[in-house]
Amino acid sequence: METPEGIALRLRAAGALPRACAWAIDFAIRLAVVWICAIVLALLGSAGMGLYLIVLFCVFWVYPVLFEVLRDGQTLGKRALGLRVVNANGTPVGWVASVVRNLMRTVDMLPLMYGFGLVASLADTHSRRFGDMVAGTLVIHVENPHGHSSAPQVPAVPTPIPLPAAEQAAIVAFAERARLLTPERQQELANLLPQLTQARGAVAVQRLLGLANSFLGRR
Amino acid sequence: MRVEGLTVALRPRSSWEATDLGFALVRRHAGTIWRSWVLVTLPVFLLLNLAGALLDLVGLAVLVFWWLKPVFDRVPLFILSRAVFGAAPSVAETVRAQASWGWRSMLPWLTWRRLHPARGLVLPVDLLEGLKGPRRSERVRVLQRAASGTSALTTLVAVNMETMLSFSIVALAVMFVPIEFLSVASKAVWEDLLLDMPLWARLLQNLCYWIAMSVIEPFFVGAGFGLYLNRRTQLEAWDVELAFRRLAARLAGTVPLLVLAAGLLLATALPGPLRAAEAETAKETPEQQDKVGGVAAETVEEDTAGAAPDSLQRIFAGEYYEGDAEFRAAVDKAYADPDLSPKTTVTTWERIAPPDPSEPFKPVSPSLQWIQTVGQGMAFVAENILWVLVAVLLVLIVRYHRLWLSWVGDRFERERQPDPLQEHAIALPDRLPDDLPGAVRTLWRQGQQRAALALLYRAAVLRLDERLGTPAPPGATESECLRRARRLGEDAYAGLFARIVRCWQAAAYARRLPSAAELENLLTAWTEARTEARSVVA
């Protein structure tokens, strides 16, 4: 996806597994709400029955639409799994699209418990069920595993050769993830770049960390 | 292993994204995976079911098939693990490799590790790394540290998907039953298929399970492999290695010889000699025990039409002849003939007695009686609120029908005729009478109120002309005259003139005549102004 400003955005479509988990969480929440309402409203006689039917309808048909439109494309289950509903071009989902994709659940539910939806989602390149195809929406991963830079603080080393941004990013990524790697693996990776570090082993690792610090603008 | 050969875009992913990567890989190599899958699993499935049918253990056949899942998992795993490094095997290679590849670790996976919750993640460790003993457990622990939860959830979800899908296939068949036959069909299915399942139905059920499993299992293996790949990417920073290698190659400015060497290595690592196919035929048992037989004999109950001997005996009294056994048999046979006593089935809809609405809702216990009262109160309030809403809506519709229901409004407007014009001929005297108030009063008393006011207005305009010293322009309207009156400034007549004009306008345009007292006020003011003016002139 590319914006008019020429910025490339990566939409990471979410597959059937996380979506099924999100649905299960939503379903459990909705079931709990309906259950509690049923207990309270059962004591109110016919009026309670009427209210109960309204609650039932709202919980199963209005809940997803309200949450998707008003809560940034996330129902509670999707929030728990780090998913979000967006339009196919990455813009926030609107009322029409959300209503369409949720009404289309009646098709995806067929013949039993989302059988069609599952098969469609498994077969589609973007893991869309029929509702998503009709409404032109996508379910994507929101959370970015990249946190804030946690590269270890070492004295910055100026780079001997100017490097383009992508290669700088690789060295910063090495520094950020160095803590997860064994020392042997760190040295193995650092030894791949003798031209840059002019050293081998632990010294090379330190040089790379220093380079990363200079790329990050630390002094 | 050559990281340079990777065909997937590596980057640190969350665990769920890693499962999606696995799904995408399965989709990418779908043709090879499912063709090999069917070639490997279908013969095993058929053999197991054949054996099950012969031994009357069809349920066990599907259980054994399910238990053998780790063996079948090797098919997608073999393809994916090679395809990821750009060397996707063909169907023939895959099927051939199943005879030899990965059997060493199958014993634990078919016994104590069969129900391992994170099978998708750990199976690739055994099959692709081939570690043993404490090194293996260490390795598995490291890999599982951040991904075992997702892997276990994946297993759980996959089990549910598989079950759901196999039920879905059955439900799909039901969907094609026309709705008018649905109750008959479901009754037949329940009585003939579910209560006492015939053999073919049980085999069909197994087939449904095989289809569902064939759809889900490769994806499950793919998800596990994606998790494994992601975990190794995290632990060993493969994406960083890849970027470093490219950077080094650029800096060195030469093509690395490594690629060539690795290519040679790959050529020697092709699968070994072909081994004999699995000895599955051993399971076949020649002796055919006919346990399936014993078809329940259907007892056909004869339809004996009930004759009524009592009535015949009563009618014929002493002359009644009973007839011998042979005759009775013949009679019974004749009655049994469908032509003589035809039966028709008539289906009619009968109204079920509706539940008595007067019967009050029973609360759970008498101590909760108040809740029922509260509920009835709420129902009463809600009902009346609804009626109020209806009334408000009606009022709004009537009030704004022009705006909301313009098409209705138009129709009404068209039907409504404009009020008839009232024309009054005004007899214009050539000159004003000397006693103007008298003339006005006379006209008023004669019932010609409009004419009286017209006369007064005319006189007032003429006097305005006198005061200003200029004649009014022809066809000047009332408001133009009022504007001219403003030129008088502080003169008292300006106020009187305005009052006369207002009075005239109200009468002429709105048919609002002044009361007699108001007119008298005006006339008195008129006479006073006249005498004042005279005295000023004098």
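Me: How many residues of chain A are in contact with how many of chain B, and which elements of chain A give two or more residues to that side?

Reply: An interface can be read first as a count and then by the elements that supply it. In this predicted model, 38 residues of chain A are in contact with 46 residues of chain B, where a contact requires C-beta atoms within 7 Å. On the chain A side, two or more residues come from each of α1 (16-42), α2 (45-70), α6 (115-123), α8 (165-177), α9 (183-190) and α10 (194-197), and α8(A) provides the largest share, five residues. By class, that side has 24 nonpolar, nine polar and five charged residues.

Me: Which residues touch the most other members of the largest nonpolar core?

Reply: A core can be read through its best-connected members. Among the 68 residues of the largest nonpolar core, those touching the most other members are A:Leu17, A:Cys21, B:Leu77, B:Leu121, B:Val157, B:Ile216 and B:Phe219, while helix α11 (residues 199-236) of chain B gives the largest share, 13 residues. Once neighbours within four places in sequence are set aside, B:Leu77 is in contact with B:Leu123, B:Pro124, B:Leu127, B:Val221 and B:Phe225. A second, separate core of 24 residues includes A:Ala170, A:Ala190, A:Leu192 and B:Val240.

Me: Where in chain A does UniProt place the feature "transmembrane region"?

Reply: An annotation of this kind can be set beside the computed geometry. The unreviewed UniProt entry places the feature at residues 20-44 and 50-70 of chain A. Residues 20-44 of chain A are 92% helix and 0% strand, with end C-alpha atoms 36 Å apart, whereas residues 50-70 of chain A are 100% helix and 0% strand, with their end C-alpha atoms 27 Å apart.

Terms used:
Residues are numbered from 1 along each chain as its sequence is written. Chains are lettered from A and ligands numbered from 1 in the order in which they are written. This is a predicted model: local features need pLDDT of at least 70, side-chain atom pairs count only at pLDDT 80 or more; totals for chains, interfaces and linings use all residues. Two residues are in contact if their C-beta atoms, placed from the backbone, lie within 7 Å. Helices (H or I, at least four residues) and strands (E, at least two) are DSSP runs, numbered from the N terminus. Ala, Val, Leu, Ile, Met, Phe, Trp, Tyr, Cys and Pro count as nonpolar, Asp, Glu, Lys and Arg as charged, and the others, Gly among them, as polar. A nonpolar core is a set of buried Ala, Val, Leu, Ile, Met, Phe, Trp, Tyr and Cys residues joined through C-beta atoms within 7 Å. A residue is buried if 20 or more other C-beta atoms lie within 10 Å of its own, exposed if 12 or fewer, and partly exposed in between; C-beta atoms are placed from the backbone. UniProt positions are given in the numbering used here, feature names are shortened, and annotations may be inferred rather than shown by experiment.
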